[in-house]
Structures are given as C-alpha cells and as structure tokens.
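Me: Got a minute to go through this structure with me? I have a few quick questions.

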Amino acid sequence: MEKIGYLGPEGSYSSIAAQKMRPDAELLPFKSFPQVFSSLVSSETDAIVIPIENSLNGGVLQNIDLLQSTEGAYATEECIIKIDHRLAYKDGADKKAIKNIYSHAQALEQCSKYLFENFPKARLIPTASTAASLEKILTVADAGVIGAHMKIDGITLTPYNIADEDANFTHFLLVKLTMPSETARSRKIYFSVTCANRSGALLHILERISGHGLNMTKIESRPIKNVPDEYRFFIETEGDYSSVQVKSAIADIRKITNSFKLLGCY
C-alpha cells in the first residue's frame, strides 16, 4: 500500500488534502514540514502532501524552500481545499476569559482581524498545525483556531468562519522523488530560476515565457541563503509538460538563466 506523509495530527487540513488525493493510501502524520520531507528522502513514505500557497497569505515559504532544496523532489498533482477556521474553546466557557489562543502561524495570520478585534490582549501562540492546537485547550483561558470539520467532546466551535476573508483556499501539492517522464501530461508546470543581477534579466525570462505562448499563473521571489541581494524566482505557468511547446520553452529559459530547476508538473 502506498504511504503518504503529511503535517499532522489527523484532522489537519493537510490530512484532508492527503485523504482527497490518495483515499486508499496509508496516511502517516509528522510533526513538522522538515520531518515530512525527511520521510520522503528516507523512503519512509512514497509521497508527501504539502501546502504550497494560501489565497490570503500567499506562498508557504518554508515548503517552497524545502521543495527547492530537496534533491529529486517533484510535485506531480495539485489539490485545492477551502479553509474554514473556527474558534475552539471549552464548553460553557465565557469567551471574555480567553487569554491564550493557539494555532498554526498561518491560521493565526488568516484570522488576525477577528482575533485583534475580539481578543486584543490574548497571547497568540503558534503550534505545529491547526489540529495540534486542540491539545492546548486545557482551561477556560485557552482557545484554538481549528478547522470546522473537527469535532471533539467538550469543545465548542464558533458557528461561523472567523477568517479575515470567507473565500480562503489553500493549494496543496503531492510530491514524489520521481522525475516526470518526458510524456507526463500536465495542466501546469512549476520551476525556479536565478538570473544575473542586472537590469532586464528577469524581463528576458518573462518574455521567453510569453513568447512561447505560456500563461504565467504566479511568480514569487525568495532570497538566496548566504548570498546577499540575490534572489531565486519561483514561477508557475499553464502548460502540458509533454508538449513540444513546453519543452521548447524550458530549453529556451535554461539558456538565459544562471540556474533552472523543474519543481513539478501537475
């Protein structure tokens, strides 16, 4: 049976994505994203499911960096999950007594407006995942931000989504240590590049993408570690990896970049 790693515990949004993408697989939870990637490298898992972008917060930077730095890792499938955050607290507790609010840092950010307006003096304490915050709700002074799908005895959830925006979606990728075959079909391709630190260098790359008729769906930059003022660009475009058009575009882009890494086709 295929083994799929994800950021746990069971009930996290990552577990929902993993279940959706691989309903018949054995799902293995891990406590951190580095551990999730490590499980793939060590062959403890056959594939992993990671969040890569949220519609409110943008790219999940830690996972972008881990995907870049993990040799041989490629994204092969994409899944989009609607995020519905609820405040969780002890049954019967007065919300005015809440002093500590736990959740994953991204979830706390996504609910920042609600939390500031309703709990301006509460401590916001990051946990490994939204689901993990349930373990921290020990007294009436504790609360967590968790998914609406999570139900547990003794815990009350707000009857409404507390995220800053209702239309909140997270993109997840299924990642394997398998390079795509030359005939792999896809709707999108994802890659990173570095280029010369001079005027117009990035523009030339974007012109090549446009010149080959590819629609760019996102671009973001990340500083290159230990190299001041140098950046790596992460680019996603529409395109079928098996097509001559995409192969030609990739070859063309490689020629004018300092480095090129294919991160996935899905």
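What follows is a short chat about confidence, helix packing, backbone geometry and a few single residues.

Me: First, what kind of model is this?
Reply: It is a predicted model.

Me: What is the mean pLDDT of the protein chain?
Reply: The mean is 94. Of the residues in the chain, 100% reach 70 or more.

Me: Where is confidence lowest, and where is it highest?
Reply: The low end is strand 4, residues 58-59, with a mean of 90. The high end is helix 2, residues 33-41, at 98.

Me: OK, helix 2 then. At what angle do helix 2 and helix 3 pack?
Reply: The angle is about 25 degrees. Their axes lie 10 Å apart. Helix 3 covers residues 61-69.

Me: So what do we call that arrangement of helix 2 and helix 3?
Reply: Roughly parallel, because angles under 35 degrees count that way.

Me: Is the crossing of helix 2 and helix 3 left-handed or right-handed?
Reply: Helix 2 makes a right-handed crossing with helix 3.

Me: Which residues meet there?
Reply: From helix 2, Phe33, Pro34 and Phe37. From helix 3, Gln62, Asn63, Leu66 and Leu67. The contact residues split into 5 nonpolar and 2 polar, with no charged ones.

Me: Switching to Ile48. Where is Ile48?
Reply: Ile48 is part of strand 3, which spans residues 47-54.

Me: Is Ile48 buried or exposed?
Reply: Buried. Ile48 has 0% relative accessibility, and buried means under 20%.

Me: What does Ile48 touch?
Reply: Setting aside residues up to four places away in sequence, Ile48 touches Ile4, Gly5, Val36, Phe37, Ser39, Leu40, Leu173, Leu174 and Val175. Phe37 also belongs to the helix 2 side of the contact with helix 3.

Me: And how far apart are Ile48 and Lys3?
Reply: In sequence, 45 residues. In space, 8.4 Å between the C-alpha atoms of Ile48 and Lys3.

Me: Backbone next. Which residues does a cis peptide bond join?
Reply: Gly8 and Pro9. Omega is about 5 degrees. Pro9 sits in the loop between strand 1 (3-7) and helix 1 (13-21).

Me: What about phi of Asn226?
Reply: Phi of Asn226 is positive, about 70 degrees, although Asn226 is not a glycine. Asn226 lies in the loop between strand 13 (216-223) and strand 14 (231-238).

Me: What is phi of Asp229 near?
Reply: Near 65 degrees, again a positive value in a residue other than glycine. Asp229 is likewise in the loop between strand 13 and strand 14.

Me: Are Asn226 and Asp229 buried or exposed?
Reply: Asn226 is exposed, at 80% relative accessibility. Asp229 is exposed too, at 62%.

Me: Staying with strand 13, what does Thr217 touch?
Reply: Thr217 is in strand 13. Thr217 contacts Glu236, Thr237 and Glu238, not counting residues up to four places away in sequence. Thr217 is partly exposed, with a relative accessible area of 33%.

Me: How far apart are Thr217 and Arg232?
Reply: Their C-alpha atoms are 17 Å apart. Along the sequence, Thr217 and Arg232 are 15 residues apart.

Me: New topic. Where is Lys95?
Reply: Lys95 is in the loop between strand 6 (85-90) and strand 7 (100-103). Lys95 is partly exposed, with a relative accessible area of 30%.

Me: Which residues is Lys95 in contact with?
Reply: Leaving out neighbours within four places in sequence, Lys95 contacts Leu87, Tyr89, Tyr114, Phe119, Thr158 and Tyr160.

Me: How far apart are Lys95 and Ile146?
Reply: C-alpha to C-alpha, 16 Å. In sequence, Lys95 and Ile146 are 51 residues apart.

Me: And how far are the C-alpha atoms of Asn118 from Lys95?
Reply: The C-alpha atoms of Asn118 and Lys95 are separated by 9.1 Å, with their positions 23 residues apart along the chain. Asn118 is in helix 5, residues 112-118. At 42% relative accessibility, Asn118 counts as partly exposed.

Terms used
Residues are numbered from 1 along each chain as its sequence is written. This is a predicted model: local features need pLDDT of at least 70, side-chain atom pairs count only at pLDDT 80 or more; totals for chains, interfaces and linings use all residues. Side-chain values use heavy atoms; hydrogens and water are left out. Helices (H or I, at least four residues) and strands (E, at least two) are DSSP runs, numbered from the N terminus. Buried means under 20% relative accessible area, exposed over 50%, partly exposed in between (1.4 Å probe, protein chains only). Contact means heavy atoms within 4.5 Å. pLDDT is the predictor's confidence in each residue, from 0 to 100. Axes are lines fitted to C-alpha atoms, for helices over the stretch in contact, and angles run from 0 to 180 degrees between N-to-C directions. Angles under 35 degrees count as roughly parallel, over 145 as roughly antiparallel, 65 to 115 as roughly perpendicular and the rest as oblique. A crossing is left-handed if the near helix is turned anticlockwise from the far one by less than a right angle, and right-handed if clockwise. Ala, Val, Leu, Ile, Met, Phe, Trp, Tyr, Cys and Pro count as nonpolar, Asp, Glu, Lys and Arg as charged, and the others, Gly among them, as polar.
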